[in-house]
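Biologist: Could you take me on a close look at one part of this protein, and then show me how the rest ties in? I would like to hear about single side chains and what they meet.

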Amino acid sequence: IVNIETSLSLNASNNNLGEKGAREISSIISNVKSVVKLDLSDNNFGDMGMAILFEGLWNNTTITDIRLNRNFYDTRSSKPRQQAISNLIKLLQSDSSTIEVLHICGGSNCRLKESLADVLKALSSNTTLTELDISGHAMNNRGVITLAKTLEVNNTLTSVMFDDNATGIVGFQNLKDSLKSNKNLKNIPLPFADISKVMSIPNTDKDAICKLLGKLDAKLHKPITTKN
């Protein structure tokens, strides 16, 4: 695929490639000019493998859609995680980045948690990414508040998915407020897994939460007005 000129979509997900596979892909990916959409989800890359892969993507100028779901894995050392986050931020902040779609969903054993907030901060200045899926990372209210602040200034993102991130009432409130200034977001599905957890908390004011979520949903699906 290095020398093929036709635009390709490559699905290499769920192959258990591991860190070794990430190294091999990273070593050639800067020279791959034919692939525009690449799915490497569920390959057990681990934090170090992801760091290596992001580094390889720095010099790729053709991939616009990259899916790397459920590849981060907690390790005893924090250095691989820090390196992976740092390399991803560098990719997102690069002036030569071509990434328009980024899916990095987490899962029960591969959650970025609050370290995802640093990635979201980097998106404040990103001008290429239009679709982001960060579901399943349990980033809590701190992460969702950072997402809200990013959406206040980001003018490119049109679709964001963030369910299963332990979003609480404070997070939902901040997200609602951020949409007052965001005119570009078209798709941000309500995080029903998080809503269900909030509603199940004892002594929760369910009416107040429903009212807040109703306002959030209304902002997400506000009618489009046209001039005659």
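Modeller: Happy to; I will begin with one serine and its surroundings, then go on to the salt bridges, one helix and the cysteines. Please keep in mind that this is a predicted model.

Let us start at serine 41, which sits in the loop between strand S2 (35-39) and helix H2 (46-57). Is serine 41 buried or exposed? Its relative accessibility is 3%, so serine 41 counts as buried, the cut-off for that being under 20%. The side chain of serine 41 makes a polar contact of 2.8 Å with the side chain of aspartate 39. The serine 41 side chain also reaches a piece of backbone, the nitrogen of asparagine 69, at 3.1 Å. Leaving aside residues up to four places away in sequence, serine 41 touches Ser13, Asn14, Arg67, Leu68, Asn69 and Asn71.

That loop has a charged residue worth a look as well. Aspartate 42 pairs with arginine 70 in a salt bridge, with 2.7 Å from N to O between their side chains. This pair links distant parts of the chain, 28 residues apart: aspartate 42 lies in the loop between S2 and H2, and arginine 70 in the loop between strand S3 (65-67) and helix H3 (79-93). Where serine 41 is buried, aspartate 42 is partly exposed, with a relative accessible area of 26%. Arginine 70 counts as partly exposed too, at 30% relative accessibility.

Now to the helices on either side of this story. Aspartate 47 and arginine 81 form a salt bridge through their side chains (2.9 Å, N to O). Here the link runs from helix H2, which holds aspartate 47, to helix H3, which holds arginine 81, and the two residues are 34 apart. Both partners, aspartate 47 and arginine 81, are buried.

How many salt bridges does a search of the whole structure find? It finds nine. Another one joins the side chains of arginine 142 and glutamate 114, at 3.9 Å from N to O. Arginine 142 belongs to helix H5 and glutamate 114 to the loop between strand S4 (101-103) and helix H4 (116-122), distant parts of the chain that lie 28 residues apart. Arginine 142 is partly exposed at 41% relative accessibility, and glutamate 114 is partly exposed at 35%. Salt bridges also link Arg111, Asp164 and Lys197 in a network.

Helix H5 comes up again when we turn to helix H6 (residues 169-178). The buried residues of H6 are Gly171, Phe172, Leu175, Lys176 and Ser178. Looking down the H6 axis, these buried residues fall within an arc of 160°, so they line one face of the helix. The general reason is that an α-helix has 3.6 residues a turn, so residues three or four places apart point the same way. The cover over the buried residues of H6 includes helix H5 (140-153), helix H7 (192-199) and helix H8 (206-220).

Last, the cysteines. The structure holds zero disulfides. Why is cysteine 105 without a bond to cysteine 110? The sulfur of cysteine 110 is the closest cysteine sulfur to that of cysteine 105, but at 9.4 Å it is too far for a bond; a disulfide needs the two sulfur atoms within 2.5 Å. Cysteine 105 is buried, with a relative accessible area of 11%, whereas cysteine 210 is partly exposed at 44%.

How values were computed. Residues numbered from 1 in each chain as written. Predicted model: local features only at pLDDT ≥ 70, side-chain atom pairs only at ≥ 80, totals over all residues. Heavy atoms only, no water. Helix = DSSP H or I, 4+ residues; strand = E, 2+ residues; numbered from the N terminus. Buried < 20%, exposed > 50% of the residue type's maximum accessible area, 1.4 Å probe, protein only. Polar contact = N/O pair within 3.5 Å; in protein donor to acceptor, adjacent residues only side chain to side chain. Contact = heavy atoms within 4.5 Å. Arc of directions from axis to C-beta. Salt bridge = Lys/Arg side-chain N within 4 Å of Asp/Glu carboxyl O.
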